[in-house]
Amino acid sequence: MTNQSSKTEIPLDAQFFQLLMAHQKKFHAYILASLQNYNDAQDVMQETTTILWRKFSEFDPDTDFVAWGLTIAKFQILRHLKTRSRSKLCFNSDIMEAISKETSNQIGQIDDRLLALRQCRNKLNERDQTLLKWRFDENISIQQIAEKSGRTLQAIYKNFSRIQQALMNCIDTAIARKKVSE
Amino acid sequence: MSEFNHIDELILKQLNDTIQPEEFEQLQQQLQDPKAVQHYVKTLILNSLLTEEVTSTLSNDKSLSANLLNEAIEKDIKESQKKQTQIIKQQAQLQLQDFLSKQQLPDEDKPVTHINYKQSESTFSLQRSVKVLKTLAACLLVAAAIWLYIQPKPQPIIANVLSTENAEWVAASTRTTLTPDITQGDYQLTKGLVEIQFLEGAKVILQAPCQFGLDGSYGIDLDQGQLSVKLDTGKKDFSVNTPSALIVDFGTEFSVSVDSSGISQVHVFDGQVGLKPTSQSKSDNSEFVLMNKGDAKEVSADGLTVNTISIENEKFVRAMPGSLPKPTNTTSKTSYAQMVKSKNPLIYYTFEPSQATDYQTFGNTAIIESSLSLNNQTNHTLKLDGNNSFIKCKKLKPHWEKNGYTFSFWLYAKPPQNAHRSIVVNTPNPIEAKYHDVIKLAGINHEKNIFSFYHKIQLKNESPFLYPIESNRPVVFNQWMHITLAIKVQQQKITGQFFLNGTLLGKIDSDDATVTLFNQDSDIYIGAPITYREPDGETITLKSLDGQIDEFAIFDYPLSQKDVIELFQSSQHNIN
């Protein structure tokens, strides 16, 4: 524990907050990619955070917090999948495995993707930014957005699909440019 | 463009739990291709980042629009008038961020967690203030233009009253009784309970005696008294400021008390909160303490001491009593019937046996009931048994609702017994209705246990559809309730309002300026069962109402909130 002396100056709970804030996006992305549902992901994210905090005294600060956290997250995901309603639609095991492998590959790019997302989001037109604001900043459901904007549910899904595609293209381009410049 | 963009809509539906089995199968088929899996995971990560990324667009915005400038200046003026205690609270709120900046985190990693969301909001305010001052100093012309924006504006609504129980409360500054819409200010609850819902989603139950202040929809200042907070999973964070502590909610249920000596207590019943003492007398470097379910802590009045205490389940009211607010005594001498008539209804059915009726009853079970009582008075009502009994109203003049309209009535509903229940239907034939024939429909949604109301509208270049308004509070059964549905049409925009016992419980505005309100000349039925097929193929069935209706009135204009309150308050006198 080479850095222990400097780290022990920071209270344990503050260390935890610091690490959690820095990396919780990765945990959430991994959980959402594994469960493919906002509500389930939110529940598991909260459970994972609780366990991370409870077990944080066992965490070796010289090891990788993200790897440690993802191990705990994976365990919580498995637990959640076991208790999840049978009525929920689940992909077959081959596809689940492929998704899991792909998520692990992409998780390292999250910080770059987030930076690009911030720039790309600002490039959207006002109407699309408003839709994103309602959905993600104000946590308004797609159904409520349809009601609020007086449009059909189908139309709103199409809008978000289009916005998603625009953001994906913009982010991919930004990442590719970055790679070239490196 | 990715070759897999066509699955994006399916992914969105899956994320939102609305994907149909056949759509899911289609998605699964596509994901046999490794490239599709790559696209799929990228899309999920994008949605995760959008979910977790809250304020980046605002905080990264380098240009200050006129509106933002206006807001910033108004905020500066308000800020200057705040008490010293509030400054201390702000300092406390910023401390976590200060702490983090000392740890030299990369910029992009800082403002993204729940706890930091609140911090980044207040930081943004401060940054805006600095920008405003610089702008004013730099250019007087700009300043003059800016001041044009500083005109008195209506206070923004921060929260709505969901329910009350024997409550007496006032806005401290004006001493005026509170309205259902709550704006920024200081308040006193002197008696009873009030449940309010903030626009950002948090629900708070306040227990009298209680003094509190509202500054925005993300938090509440509790100066004295008790409150309980419930924040559903997925909602943004919410904070409670007491004289000696800042409590930040991470999506949970907790209660806070402040006694007359200023001691604060925090009891966590579910989830997690962050607690931070906010001392005025020491240099403010105390840390946030993470509290979990079952934890309780007490912070001394000076904010210097935090002690662990036993959680007290019984100390706080965490759910409102089941009953809806009862009609209060009123000085009005006008009877309900007189009040309705004074507002010129198109039709008004009082269901008095002695009076001539101009409605038709169907079946042998739609009867005039005289056994139940409303407000301890003998009450004659229309009784429907939930088994295909209903009445048909008289024919109204053509296009009667073109400028808006109102339905107003008293309702006593029995539990819906696993079926949606119909209250009012406007369609040529409710028994064999087609989707495009359903013009208006009010009922009880048994899955959500709420009132739902629909009116058919059409947007430019889109198919007509049923435009919904829903109550934001569950129906309470076996109890009389005063219901008002008001639809306003102005300059092709539509506003729907749903009132329960005089309180606004649901509102919807169409932003689109091309709305056409359907006003087909078809019959209106009370309590009629109806079955129709939605455009997506789903069959909707509402069974006949099981319960009673009274004082049913239709107006060919939207009643105002004042009208609705007058109607409700006049109910203490002479309802038969």
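Here are some worked exercises on a predicted model, with chain B at the centre.

## Exercise 1: Getting an overview of chain B

**Task.** Describe the make-up of chain B and find where its confidence drops.

**Solution.**

Step 1. Start with the secondary structure: chain B holds 10 helices and 33 strands.

Step 2. Next, look at burial and surface. Of the 576 residues in chain B, 55% are buried. The chain exposes about 24,900 Å², with carbon and sulfur atoms supplying 48% of that area.

Step 3. Turn to the contact map. If you take contacts in chain B between residues at least 6 apart in sequence, 63% of them join residues at least 24 apart.

Step 4. Now for confidence. The mean pLDDT of chain B is 70, and 65% of its residues reach 70 or more. Among the weaker stretches, residues 173-177 of chain B stay under 50, and the model gives them seven contacts beyond four places in sequence. Residues 371-377 of chain B also stay under 50, with 18 such contacts in the model.

## Exercise 2: Strand 22 and its partners

**Task.** Which strands pair with strand 22 of chain B, and in which sense does each run?

**Solution.**

Step 1. Locate the strand: strand 22 of chain B spans residues 420-426, and seven of its seven residues are buried.

Step 2. Take the parallel pairing. Three bridges connect strand 22 of chain B with strand 32 (residues 539-544) of chain B. B:Ser422 sits opposite B:Ser544 in strand 32.

Step 3. Move to strand 23 (residues 440-445) of chain B, which runs antiparallel to strand 22 of chain B and is joined to it by five bridges. B:Arg421 has B:Ile444 of strand 23 as its bridge partner.

Step 4. Finish with strand 30 (residues 524-526) of chain B, which pairs with strand 22 of chain B in the antiparallel sense over three bridges. B:Val424 is partnered by B:Ile526 of strand 30. B:Val424 is also one of the members of a separate core of 52 residues, taken up again in Exercise 5.

## Exercise 3: Strand 9 and a hairpin

**Task.** Why can strand 9 of chain B be called largely enclosed, and what does it pair with?

**Solution.**

Step 1. Check burial. Strand 9 covers residues 264-270 of chain B, and six of its seven residues are buried, so the rest of the structure largely encloses it.

Step 2. Look at strand 8 (residues 253-258) of chain B, which is antiparallel to strand 9 of chain B and linked to it by six bridges. One of the bridge pairs is B:Ser255 with B:His267.

Step 3. Inspect the turn. Strands 8 and 9 of chain B form a hairpin with five residues between them, and B:Gly262 in the turn has a positive phi of about 95 degrees.

Step 4. Add the other pairing: four bridges tie strand 9 of chain B to strand 12 (residues 296-299) of chain B, again antiparallel. Here B:Val266 faces B:Lys297 of strand 12.

## Exercise 4: Two helices and their buried faces

**Task.** Where do the buried residues lie on helix 2 and helix 10 of chain B?

**Solution.**

Step 1. For helix 2 of chain B, list the buried residues: B:Glu23, B:Phe24, B:Leu27 and B:Gln28. Seen down the axis, these buried residues fall within an arc of 140 degrees, so they line one face of helix 2 of chain B.

Step 2. Zoom in on B:Gln28. Its relative accessible area is 10%, so it counts as buried under the 20% cut-off. Leaving out residues up to four places away in sequence, B:Gln28 touches A:Cys90, A:Phe91, A:Asn92 and A:Ile95.

Step 3. Repeat for helix 10 (residues 561-569) of chain B, where B:Asp563, B:Val564, B:Leu567 and B:Phe568 are buried. Their arc is 130 degrees, so these residues line one face of helix 10 of chain B.

Step 4. Identify the cover over the buried residues of helix 10 of chain B, which includes helix 9, strand 21, strand 26 and strand 27 of chain B.

## Exercise 5: The nonpolar cores

**Task.** Which residues of the largest nonpolar core touch the most other members?

**Solution.**

Step 1. The largest core has 78 residues, and A:Phe160, A:Leu167, B:Leu27, B:Leu31 and B:Tyr40 touch the most other members. Helix 2 (residues 12-35) of chain A gives this core its largest share, 11 residues.

Step 2. Follow A:Leu167: beyond four places in sequence, its contacts include A:Leu117, A:Leu124, B:Leu46 and B:Leu50.

Step 3. Finally, a second, separate core of 52 residues includes B:Ala413, B:Val424, B:Leu485 and B:Phe552.

Technical notes. Residues are numbered from 1 along each chain as its sequence is written. Chains are lettered from A and ligands numbered from 1 in the order in which they are written. This is a predicted model: local features need pLDDT of at least 70, side-chain atom pairs count only at pLDDT 80 or more; totals for chains, interfaces and linings use all residues. Side-chain values use heavy atoms; hydrogens and water are left out. Buried means under 20% relative accessible area, exposed over 50%, partly exposed in between (1.4 Å probe, protein chains only). Two strands pair if DSSP finds at least two bridges between them. pLDDT is the predictor's confidence in each residue, from 0 to 100. Contact means heavy atoms within 4.5 Å. Accessible areas come from the Shrake-Rupley method with a 1.4 Å probe; for residues, only the protein chains shown count as cover. A nonpolar core is a set of buried Ala, Val, Leu, Ile, Met, Phe, Trp, Tyr and Cys residues joined through side-chain atoms within 4.5 Å. The arc is that of the directions from the helix axis to the C-beta atoms.
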